[in-house]
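User: Hi! Could you walk me through some charged side-chain pairs in this one?

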Amino acid sequence: MQPLKQFWVAEALEKDLGDPGNPESMMSFKQVIDLDEKEEFPQEIIDWLYNWKLQHYYIPTECGGEFTRFDEFISFVRVLSRRDQTAGIAFTTMFWSYLVWMAGTDEQKQILSSFMKDANGTMCLAYSEKAHGSDLLGGDMQATKVDGGYILNGEKWPINRATRSGVAFVLARTDPDGGPRSLSLFMVEKSKINPDNFSNLPKILTHGIRGSDMSGICFDNCFIPESMRLGAEGMGLELALKGFQITRALCAAFSQGAADTALRTTLKFAIERKLYGKTVFDMPQPRRTLTDAFLDILICDCSTFGVGRGFSTMPEQISVWSAVVKYFVTTTLETVVNNVSVVLGSRFYMREAHDWGIFQKVLRDNSIISMFDGSSVVNLHALLLQLRQLTKSRARNAGKNLEALEARLATTFDLTQNLPAFNGKKLELVNRGGDDVLQGLDLALASLEKLKTDSNLNPDTLYQIITLTDIVREELNNLDVKITESTFQFGHEQDPELFDMAKQYCILHAAAACVYTWIYNRNHLGEFFANGEWLALSLRRLMSNLRPATSLPGRIDDSCVVQEMIRLYNEDRMFSIVPFQLAKSQLQETTTDATPKLQLQT
Amino acid sequence: MNSIDTIQGWLVNQIAKQLGIKAETIKVTEPLTRYGLDSIDSVTIVGDMEDWLGAELPSTLLWDYPTIEKAAKYLVDEAGVSPAETATAEPVAVTSKPKEEATQGKGWGGLWNKISGS
Ligand SMILES: Cc1cc2nc3c(=O)[nH]c(=O)nc-3n(C[C@H](O)[C@H](O)[C@H](O)COP(=O)(O)OP(=O)(O)OC[C@H]3O[C@@H](n4cnc5c(N)ncnc54)[C@H](O)[C@@H]3O)c2cc1C
């Protein structure tokens with residue numbers, strides 16, 4: 001068994017779901033493609049997951065469930081999402097329950113917990129409105145106070161699981177005068193309201209996640225009791241923004257699952273396909289494309305695990321980190337899927353030719369992840385508003401409380417360390433106390449210098465890691481200067497240049513996350529991880545976004561990364577820094593989908 | 001000048017500067033949203049106030065006290081902030097301090113509980 005406990009649920013789920021390449025298994029590529037063709041909701045899959053009791057892992061132990069930590073959660077969402085994002089996204093609307101675990105009364109927690117566990121119930125999040133999109137404060141949905149409750153009037157659209165959900169989290173205006181305290185959040189239990197005052201809009205046809213239950217919700221003079229309000233009146237926007245810090249960070253897991261399948265199925269093709277007397281994989285250019293995709297997945301892995309654990313260790317900084325991850329991981333992995341499509345050649349565009357056409361479905365489904373739950377620009381906007389303050393706190397904190405900083409970084413990034421329990425009340429609307437991840441770069445460089453005495457490490461690799469980490473620090477200093485010189489603006493008329501600065505911040509953040517992940521896990525994630533070539537190559541890849549390649553150290557030999565990718569493929573392991581075991585694929589010698597296992601020529 | 005006036009003056013100047021409008025046109029009794037300050041801006045401006053006052057403030061201060069007058073009054077009368085003494089002090093590093101402790105110590109009363117949903 002995998003030694004790290006946070007991967008047990010993911011591995012067990014994989015084992016029970018079985019090989020997605022076997023049409024008979026649950027969530028097989030064949031099954032999910034058939035459903036997609038019919039635009040049918042994956043009810044059988046969802047029922048299976050409820051029977052498996054996966055919903056318990058969305059409910060904290062103190063509320064009667066099995067959830068203890070977000071890094072565990074991220075891993076099993078990857079498992080769902082590598083097979084089918086439609087079902088994954090449908091099942092995982094349950095992560096909005098966090099609104100209740102954070103702000104609900106004991107009674108509300110009890111109601112929701114038993115609704116999820118005992119009634120196989122699900123929720124939807126009704127924030128958006130057709131006329132207002134990202135502008136939550138501009139919404140028209142009204143909640144008018146009356147005796148014992150509120151009267152709801154208005155429409156929410158487009159809403160995932162609007163029709164099938166039994167509970168809707170609805171954001172509505174309780175103060176007609178407007179302002180940030182004008183919204184309140186309601187946990188509307190549909191079974192307890194008058195069905196005559198409530199209806200759904202027709203299913204929305206989408207390009208991807210086609211089987212999703214996408215529609216809208218209309219309330220027409222609908223009475224809801226006061227007990228359905230979450231938190232105090234006027235808390236709606238604050239709760240929504242804090243809830244997004246959780247859900248946005250977790251969205252990364254959807255993208256990681258999708259990228260895994262895109263790479264795996266393309267690799268399978270490249271290994272099988274013969275041209276000019278060799279396989280596609282033997283040609284350096286396609287091999288490089290696939291290797292770079294694998295590196296991008298590892299880079300994103302470090303950020304995603306980091307934020308998953310950061311919820312427990314540095315909740316007051318998560319407003320920054322969740323925006324970084326929601327922007328960086330989802331858009332990077334979207335690019336990964338696009339990049340590898342080239343290697344798949346014409347088959348990327350066919351619906352039947354290779355692995356039941358799963359690639360095309362991944363491409364379509366995955367392209368919504370960077371948009372929903374706060375689009376890329378919305379996340380960059382949330383980040384850029386904090387940049388000046390982050391720069392100031394970095395200067396102010398420089399050289400101070402280093403031991404505490406190092407301890408926090410170690411707990412966050414060392415995957416073997418226990419985590420303190422997550423406390424949602426510690427989330428802050430804006431970052432408190434600076435950003436540990438970039439604050440710690442000097443510490444990281446000092447740790448790297450000490451490794452020079454480690455005879456197990458290749459000195460050239462270490463040299464690259466140190467040089468490139470130093471470049472990360474230099475670029476951070478350059479960015480700090482630019483931020484300080486920039487003129488701050490209010491509102492939504494921010495300069496495009498500020499968006500660029502926010503993007504650069506994300507890249508530096510991701511680079512730092514990779515460095516700590518390596519420093520703190522060198523002794524327990526295996527030889528490939530410990531040797532660090534992947535890190536040197538990843539840092540170079542990240543820094544080439546900020547500097548011309550000619551000013552960076554030359555690209556080192558990547559053959560060990562290629563071998564690791566092939567090993568993980570052959571052994572059916574997740575493409576990850578923690579390559580946990582996936583369901584074993586069965587060799588089907590007689591079908592056209594036969595997978596000859598690649599013999600490595602070393 | 002008393003503490004309330006000092007804080008009001010600072011906020012007026014800050015907002016005038018950031019929004020590029022004349023300080024004379026800002027009325028301390030008007031809700032800040034009237035000047036185009038949106039909900040998230042009024043959270044980020046609290047960061048600048050914290051730097052200036054050298055104290056940790058609730059980030060939703062200007063949501064709960066949406067005019068310059070109300071915010072200044074609250075800070076001085078209820079939270080016991082005094083800009084003359086604290087403005088030059090070294091800002092406190094708050095990174096690892098639990099919220100409850102930090103706020104209780106500074107006499108925020110029930111405010112934090114109200115806005116953090118507990
Ligand atoms: C498949 C799918 C599922 C969804 N599920 C849900 C759900 O379950 N619940 C729910 O409430 N909503 C849901 N939505 C709605 C989704 O959250 C909204 O589409 C999203 O908020 C964006 O709104 P919009 O499409 O109206 O774009 P708009 O908000 O109108 O944005 C248009 C453009 O304006 C620009 N823009 C917007 N804000 C900024 C900014 N701050 N800075 C700079 N530029 C900006 C961007 O360039 C953007 O492209 C879903 C949408 C889809 C497609």
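User: Which residue meets the side chain of Glu129(A) in a salt bridge?
Analyst: Happy to help; keep in mind that this is a predicted model. The N to O distance in this pair is 3.0 Å. Glu129(A) lies in the loop between strands E1 and E2 of chain A and its partner in strand E3, so the pair ties together parts that are 27 residues apart in sequence. Both residues are buried, and the partner of Glu129(A) is Lys156(A).

User: How many residues apart are Lys145(A) and Glu226(A)?
Analyst: Their side chains meet in a salt bridge at 3.1 Å, N to O. The pair links distant parts of the chain: Lys145(A) is in strand E2, while Glu226(A) is in the loop between strands E7 and E8, and the separation is 81 residues.

User: Is Glu226(A) buried or partly exposed?
Analyst: Buried would require a relative accessible area under 20%, and exposed one over 50%. Glu226(A) has 33%, so the class that fits is partly exposed.

User: What is the relative accessible area of Asp558(A)?
Analyst: Asp558(A) meets Arg555(A) in a salt bridge at 2.9 Å, N to O. Arg555(A) counts as partly exposed at 28%. Asp558(A), in contrast, is buried, and its relative accessible area is 13%.

User: Which residues are linked with Arg555(A) and Asp558(A) in a network of salt bridges?
Analyst: The structure holds 44 salt bridges over all chains, and the pair of Arg555(A) and Asp558(A) is one of them. Both belong to a network of salt bridges, together with Arg288(A), Asp292(A), Asp296(A) and Arg541(A).

Technical notes:
Residues are numbered from 1 along each chain as its sequence is written. Chains are lettered from A and ligands numbered from 1 in the order in which they are written. This is a predicted model: local features need pLDDT of at least 70, side-chain atom pairs count only at pLDDT 80 or more; totals for chains, interfaces and linings use all residues. Side-chain values use heavy atoms; hydrogens and water are left out. A salt bridge is a side-chain nitrogen of Lys or Arg within 4 Å of a carboxyl oxygen of Asp or Glu. Helices (H or I, at least four residues) and strands (E, at least two) are DSSP runs, numbered from the N terminus. Buried means under 20% relative accessible area, exposed over 50%, partly exposed in between (1.4 Å probe, protein chains only).
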